[in-house]
Amino acid sequence: MTTHRERILRVIAGEMVDKIPYVPRIDLWYNANQRAGTLPENHRDRTVDEISLAEGWALHKIVPEFLKPESIEDIVHRGLGLVSLKEYTYSFNFSSDIDISIDGDIDHMRVIYDTPVGSVSVTHGYTEEMKDTGASAPWIQEHAIKGPADYKVLAHIFGNMTFKPDYRRFTTWESAIGEHGLALESTPALNAGSPMHYIQKVLIDATEFFIHYHDYAKEMAELVEALEHCYHQLLPILADSPAKAVYWDANVDSMITYPAYLEKDILPWWQKAAEVFHARDKLLFIHPDGENNLLMDLLADCGADVCEAVTPYPMTKVDISEYYDTWCRPEKLTIWGGIPESVLLEKSTSDEDFEAYLDYLFKAIAPGKRFIAGIGDTTPPGAKFERLIRIGERLEKEGRLPLQAGGAVLLSADQLARAPQSGEPVPAKAISSEPTTGDATEPDEHLRRIQQDVLKGDHVAVKDHIRSALALNYSPRDILDRGMLSAMEVIGGRFKDGTVFIPEVLLSARVLNEALPLLEPLLSDEQSLQKGKILIGTVHGDLHDIGKNLVSTMLKGVGFEVVDLGINVAVEEFVDQVAHHRPDILAISALLTTTMPQMEKVIDGLQNADLRSHTLVIVGGAPVNDKFARDIGADGYARDAGEAVELARRLLAINNDS
Ligand code: B1M
């Protein structure tokens with residue numbers, strides 16, 4: 001009889017096996033439900049692996065179990081991206097000239113690294129809210145890189161670090177898994193596949209990274225070189241290990257690892273790794289769990305064997321059929337995942353639509369080669385467990401290969417209308433937005449120079465150009481509207497249509513932020529910059545802030561006054577801050593299905609505090625949609641930062657007119 005491990009390996013080799021393997025990742029679901037005492041009755045006394053085995057599923061052994069160190073020493077250096085867990089086949093040593101002081105426990109630990117060229121410090125841990133949502137990856141609260149001086153300190157640390165093979169723990173773990181699954185060895189920095197990705201993922205704040213990438217190229221290059229020294233040691237250690245497969249890189253996404261950046265700073269290392277591993281008959285996995293609409297072709301030829309945690313429409317813009325047609329049909333990659341988390345949630349998906357998704361999946365991936373079914377990225381804590389079981393049952397019955405295209409039940413006309421066409425953005429808006437602004441109006445040479453400064457992100461030249469324009473008697477209002485804000489509109493439009501990415505938006509916004517103090521004192525009251533006041537924050541339990549920061553930046557960029565409350569904001573805090581600031585709009589962000597319900601609680605909180613009638617509430621974030629926004633009583637939903645600007649304007653215009 002074919003074992004789980006054999007079947008998985010044969011699928012990756014492109015063979016037509018007996019049936020589609022089913023390997024759902026259930027660790028987060030398990031952690032959260034075990035903590036809350038809500039595991040299904042029959043599984044109450046079982047471990048996570050025992051549950052999978054009892055249900056007949058293969059074990060998911062790709063993502064390291066960060067929450068389960070053997071001793072605290074194993075995770076002390078996680079703020080620098082280094083851990084010693086069973087999934088890691090190497091040990092590491094700092095050079096003897098580095099003094100390390102450690103304070104705290106697993107939930108909150110501060111570590112200081114003193115080197116001959118300076119010091120850096122990090123703080124990392126887990127919050128109670130993270131534990132409630134089952135989160136496994138640690139939170140780095142204070143990053144090692146806070147300013148340009150930190151690069152040389154880290155270059156000293158990593159440039160003098162030594163790595164040695166250490167296969168002992170991995171071997172024991174792998175043999176305990178045996179034929180029940182495929183155990184992967186891991187790479188540092190929560191799986192960063194290149195030195196630059198290492199910096200981005202753990203050493204610096206996720207949004208700040210993009211500014212440093214532009215401003216401190218020289219300093220970054222020095223650190224990249226030091227990290228290369230580590231990667232060159234690690235490659236042969238990983239290649240010689242007993243593991244059959246390497247989990248090489250994680251958290252790829254069209255926005256945060258946008259195409260040009262991925263191609264320049266990540267892809268060459270994937271290809272190098274693929275060459276080394278393939279020569280040793282080893283498989284390379286990457287984890288593109290985000291939005292891949294702009295990365296489909298790059299990933300198809302990236303050198304990896306498996307793309308794991310693939311999360312299709314409706315969680316992202318790429319439909320499962322496009323994934324299969326671009327990656328699997330031409331025999332370029334194996335997909336592991338393919339079932340979006342939202343279909344397991346009763347609030348997001350009815351029983352009927354859940355079944356319809358599976359019908360559609362079987363049809364889209366026929367004949368079914370190079371496909372390992374899983375929940376991409378992971379089963380959410382609120383998943384209806386019966387649906388996990390049902391997927392297994394249907395795969396058992398209908399997942400026999402080759403699948404017959406057209407043999408499955410077709411989607412209804414209504415469901416088809418909702419499925420996006422290949423590459424087409426998903427239409428989902430609570431309030432229809434105005435079309436994206438076109439190019440800036442045609443101003444004369446002086447205003448054009450200012451526009452160019454904003455478009456190019458030149459925060460130095462813009463000040464001189466504004467001073468010259470003022471000396472030539474241009475009105476501050478014209479400089480602002482026809483020079484700066486019109487250019488920011490252009491950037492917003494380009495971001496929305498995917499022709500510029502996060503760095504351009506942040507750099508242009510910086511030009512505005514630095515130039516505004518020159519103009520503000522000169523604007524009369526009625527000319528004042530303010531278009532309205534907006535309070536923004538990410539909900540309680542949620543640490544994602546890149547998207548929220550972009551929304552905040554764009555709103556500021558077009559003249560709104562924005563107060564950013566940060567991440568993990570409790571309901572009471574939102575309510576208190578609304579009472580204090582009296583904003584026109586409260587904008588709320590949530591990136592997790594487990595934290596989305598917080599949005600409704602904030603709206604209820606405002607209602608109870610008698611603040612709702614004079615505060616418009618708008619919501620956004622990857623799992624949020626138009627229906628959800630309406631259901632919780634929000635005033636609008638925005639899919640991205642550009643739409644958030646249009647929505648805010650539209651709502652305020654409506655409000656002012658009424
Ligand atoms: Co996390 N994560 N993550 N993560 N992460 C997601 C969100 C996830 C969808 C990945 C997946 O499953 N495919 C998944 C959630 C699944 C679910 O809820 N069902 C997930 C998970 C599971 C987790 C952990 C639980 C993982 C773990 O512990 N094992 C953990 C949770 C920690 C916590 O918050 N408690 C976790 C951690 C992390 C990192 C720390 C590693 C990192 C965040 C770094 C940071 O933000 N500082 C991270 C990342 C990077 C992602 C993905 C890959 C990318 C998110 C991102 O920044 N995108 C993400 C995958 C995905 O989104 N599909 C994922 C780029 C950004 C520009 O887009 O944030 O969507 P986005 O913002 C857009 C719009 O959504 C909109 O405009 C923005 C700009 O255009 N928007 C708004 C956002 N907020 C708005 C507010 C508005 C309007 C519009 O107000 C009106």
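This note goes through a predicted model point by point, from the sheet and its crossovers to the ligand shell and some backbone details.

1. **The sheet as a whole.** Six strands form an open sheet in the order 7-8-9-10-11-12, and their pairing is parallel. Strand 7, residues 184–186, and strand 12 are the edge strands, each with a single partner strand, so one side of each has no neighbour in the sheet. From one strand to the next, the twist averages 30°.

2. **Strand 11 and its cover.** Strand 11 runs over residues 334–340, and seven of its seven residues are buried, which leaves the strand mostly covered. In the strand order 7-8-9-10-11-12, strand 11 stands between strand 10 and strand 12, and its pairing with each of them is taken up in the next two points.

3. **Strand 10 with strand 11.** Strand 10, residues 306–310, pairs with strand 11 in the parallel sense, and four bridges connect the two. Within this pairing, Glu-308 is placed opposite Trp-336 of strand 11. The connection between these strands passes through helix 13, residues 320–328, and the resulting β-α-β crossover is right-handed.

4. **Strand 11 with strand 12.** On its other side, strand 11 pairs with strand 12, residues 371–376, again in the parallel sense, here over six bridges. Two facing pairs may help a reader to follow the register: Gly-337 stands opposite Ala-373 in strand 12, and Ile-339 stands opposite Ile-375 in strand 12. From strand 11 the chain passes through helix 14, residues 351–364, before it reaches strand 12, and this β-α-β crossover is right-handed.

5. **Cis peptide bonds in the two connections.** The loop between strand 10 and helix 13 contains Pro-314, which is joined to Tyr-313 by a cis peptide bond with omega at about 10°. In the following crossover, the loop between helix 14 and strand 12 contains Pro-367, and the bond between Ala-366 and Pro-367 is likewise a cis peptide bond, with omega at about 10°. A colleague preparing the model for further calculation may wish to look at both places.

6. **Positive phi values outside glycine.** Which residue in the loop between helix 14 and strand 12 has a positive phi near 55°? Arg-370 does, although it is a residue other than glycine, and it lies in that loop. With a relative accessible area of 10%, Arg-370 falls under the 20% limit and therefore counts as buried. Asp-281, which is not a glycine either, has a positive phi of about 60°, and its place is the loop between helix 11, residues 259–279, and strand 9, residues 283–287. The relative accessible area of Asp-281 is 57%, over the 50% limit, so this residue counts as exposed.

7. **The shell around the ligand.** The ligand is surrounded by 41 residues, of which Asp-289, Glu-341, Leu-543, His-544 and Thr-593 are the closest. By class, the shell is made up of 21 nonpolar, 11 polar and nine charged residues.

8. **Backbone contacts of the ligand, and the elements of its shell.** Backbone atoms of three residues can be named here in relation to ligand oxygen atoms. For Ser-136, a backbone N or O atom lies 2.8 Å from an oxygen atom of the ligand; for Ala-137, the distance from a polar backbone atom to a ligand oxygen is 3.1 Å; and for Ala-622, the corresponding distance is 3.3 Å. Helix 21 (546–557), strand 15 (585–589) and strand 16 (616–620) are the elements that give two or more residues to the shell, and the largest share, four residues, comes from helix 21.

9. **Helix 8.** Is helix 8, residues 195–203, enclosed or open? Nine of its nine residues are buried, so helix 8 is largely enclosed by the rest of the structure. Among these buried residues are His-197, Gln-200 and Lys-201, together with Met-196, Ile-199 and Leu-203.

10. **Pro-165 and a contact across the chain.** Pro-165 belongs to strand 6, residues 162–165, and its relative accessibility of 48% makes it partly exposed. Its C-alpha atom is separated by 6.4 Å from that of Ser-91, although Pro-165 and Ser-91 are 74 residues apart along the chain.

Notes: Residues numbered from 1 in each chain as written. Predicted model: local features only at pLDDT ≥ 70, side-chain atom pairs only at ≥ 80, totals over all residues. Heavy atoms only, no water. Buried < 20%, exposed > 50% of the residue type's maximum accessible area, 1.4 Å probe, protein only. Pairing = 2+ DSSP bridges. Right-handed = clockwise from strand over helix to strand, strands pointing away. Near = heavy atom within 4 Å. Polar contact = N/O pair within 3.5 Å; in protein donor to acceptor, adjacent residues only side chain to side chain. Nonpolar A, V, L, I, M, F, W, Y, C, P; charged D, E, K, R; others polar. Axes fitted to C-alpha atoms, helices over the stretch in contact; angles between N-to-C directions.
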